[in-house]
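Biologist: I have a chain in front of me and would like to go through it piece by piece. Could you take my questions in order?

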Amino acid sequence: MKPDISTLPDWPYPLWIAHRGAGKLAPENTLTAFRLGAAHGYRMFECDAKLSADGVVFLMHDTTLERTTNGQGIGGDLPWHALSQLDAGSWHSRTFAGEALPTLEALGRFCLSNDHLLNIEIKPTPGTEAATGEAVARLAARLWAGAAVSPLLTSFKPDALAAAKAAAPELPRGLLVDTLWSGWFEKAQELECVAVVANYALWEAASVDQVHGAGMRCLSYTVNDDWAAQHLLALGTDGIITDRVDLFSPG
């Protein structure tokens with residue numbers, strides 16, 4: 001029997017989520033990107049969070065600095081002071097030259113001040129899964145204390161989610177999957193996740209029903225084509241993460 005989605009726990013997040021702030025329209029994971037995404041009407045954003053060498057949670061997707069900054073090497077090996085001096089905008093275009101890497105705290109305060117919601121992907125430097133999960137969760141719990149809606153913490157790394165759960169069990173969690181690997185469903189249940197966030201191509205009627213039947217929501221990344229979005233809507237999925245903030249209206 002197909003699960004009755006009306007019986008699922010309340011879901012406070014919107015359907016449309018802007019990937020890394022504004023997709024590819026601005027340098028990803030910068031405050032400028034989140035402001036641009038908001039200007040396109042988005043009220044929920046996805047970001048990537050990792051730890052500096054001295055324990056500051058900052059925003060960056062890659063393990064290494066070369067693609068999105070003028071730095072070199074592993075970002076997590078540097079202290080925050082050094083990271084804060086990097087140019088995280090010139091790689092995208094001259095318009096954004098000099099854009100800085102932000103801390104998660106700066107983004108959190110921006111979102112809280114503007115009633116925006118956040119999906120924080122815990123993106124640890126290899127070997128720091130537990131430390132990053134704990135640090136992100138503790139910071140998020142402090143920043144969003146008393147907020148109407150908490151951020152959704154997600155990760156491909158179960159160890160990071162387990163550490164986040166131990167540090168701030170009240171914060172909602174989601175397991176990210178790029179394949180339906182053996183045990184993914186059981187792991188999501190073990191971690192008491194509220195959502196599974198999958199590569200959009202993985203969702204079909206059976207997997208959506210399986211996740212909904214366990215009381216979890218189905219989110220998708222990264223959806224940039226209308227046909228894919230329409231397919232996911234027809235399946236009854238609950239969240240769509242997109243780069244195309246210029247194509248999809250979140251209203």
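Modeller: Go ahead; bear in mind that this is a predicted model.

Biologist: Where is the place of aspartate 115 in the chain?

Modeller: Aspartate 115 is part of neither of the two elements that flank it. Its place is the loop between α3 and β4.

Biologist: Does aspartate 115 count as buried or exposed?

Modeller: A residue counts as exposed over 50% relative accessible area. Aspartate 115 has 65% relative accessibility, so it counts as exposed.

Biologist: What is the phi of aspartate 115?

Modeller: Aspartate 115 is not a glycine, yet its phi is positive. The value is about 60°.

Biologist: Which other residue, not a glycine, has a positive phi, and what is its value?

Modeller: Arginine 20 is one such residue, and it lies in the loop between β1 (16–19) and α1 (31–39). At 15% relative accessibility arginine 20 counts as buried, whereas aspartate 115 counts as exposed. The phi of arginine 20 is near 55°.

Biologist: How many helices and strands are there in the chain?

Modeller: Both kinds of element are present. The chain has eight helices and nine strands.

Biologist: Why does the radius of gyration agree with a compact globule?

Modeller: For 251 residues, a compact globule would have a radius of gyration near 18 Å. The C-alpha trace spans about 55 × 40 × 35 Å along its principal axes. The radius agrees with the globule because the chain has 17 Å.

Biologist: What share of the contacts joins residues 24 or more positions apart?

Modeller: Of the 251 residues, 51% count as buried. The contacts considered are those with a separation of 6 or more. Residues 24 or more positions apart account for 57% of them.

Biologist: How far apart are the mean positions of the positive and negative charges?

Modeller: The chain has 18 positive and 29 negative charges. Their mean positions are apart by 3 Å.

Biologist: Which residues of helix α5 are buried, and what arc do they cover?

Modeller: Helix α5 runs over residues 158–167, and its buried residues are Ala160, Leu161, Ala163 and Ala164. An α-helix has 3.6 residues a turn, so residues three or four places apart point the same way. The buried residues of α5 are on the same side of the helix, because the arc they cover is only 160°.

Biologist: Which exposed residues does the other face of α5 carry?

Modeller: The buried side is covered by elements that include β4 (117–122), α4 (129–143), β5 (152–155) and β6 (173–177). The face turned away from that side carries the exposed residues Asp159 and Ala166.

Biologist: What arc do the buried residues of α7 cover?

Modeller: In α7, residues 205–213, the buried residues are Ser207, Val208, Val211 and His212. They are on the same side of α7, because they cover an arc of only 130°.

Biologist: What covers the buried residues of α7?

Modeller: The face of α7 turned away from the buried side carries the exposed residues Ala206 and Gly213. Just after the helix, glycine 215 takes a positive phi of about 85°. The cover on the buried residues includes α6 (184–190), β7 (195–199), β8 (217–221) and α8 (226–235).

Biologist: Does lysine 123 count as buried or exposed, and what does it touch?

Modeller: Lysine 123 is in the loop between β4 and α4. Buried means under 20% relative accessible area, and at 18% lysine 123 counts as buried. Leaving out residues up to four places away in sequence, lysine 123 touches Asp48, Ala49, Lys50, Met60, His61 and Phe156.

Biologist: What does cysteine 111 touch?

Modeller: Cysteine 111 lies in helix α3 and is buried, with a relative accessible area of 0%. Its C-alpha atom is separated by 9.8 Å from that of alanine 38, 73 residues apart along the chain. Not counting residues up to four places away in sequence, cysteine 111 touches Phe45, His116 and Leu118.

Biologist: Which residues does threonine 103 touch?

Modeller: Threonine 103 is found in the loop between α2 (80–84) and α3 (104–113). Threonine 103 is buried, with a relative accessible area of 16%. With residues up to four places away in sequence not counted, threonine 103 touches Val56, Val57, Phe58, Leu59 and Trp80.

Note on methods:
Residues are numbered from 1 along each chain as its sequence is written. This is a predicted model: local features need pLDDT of at least 70, side-chain atom pairs count only at pLDDT 80 or more; totals for chains, interfaces and linings use all residues. Side-chain values use heavy atoms; hydrogens and water are left out. Helices (H or I, at least four residues) and strands (E, at least two) are DSSP runs, numbered from the N terminus. The radius of gyration is taken over C-alpha atoms; the globule rule is 2.2 Å times the number of residues to the power 0.38. Buried means under 20% relative accessible area, exposed over 50%, partly exposed in between (1.4 Å probe, protein chains only). Contact means heavy atoms within 4.5 Å. Lys and Arg count as positive and Asp and Glu as negative; His and the chain ends are not counted. The place of a charge is taken as NZ of Lys, CZ of Arg, CG of Asp or CD of Glu. The arc is that of the directions from the helix axis to the C-beta atoms.
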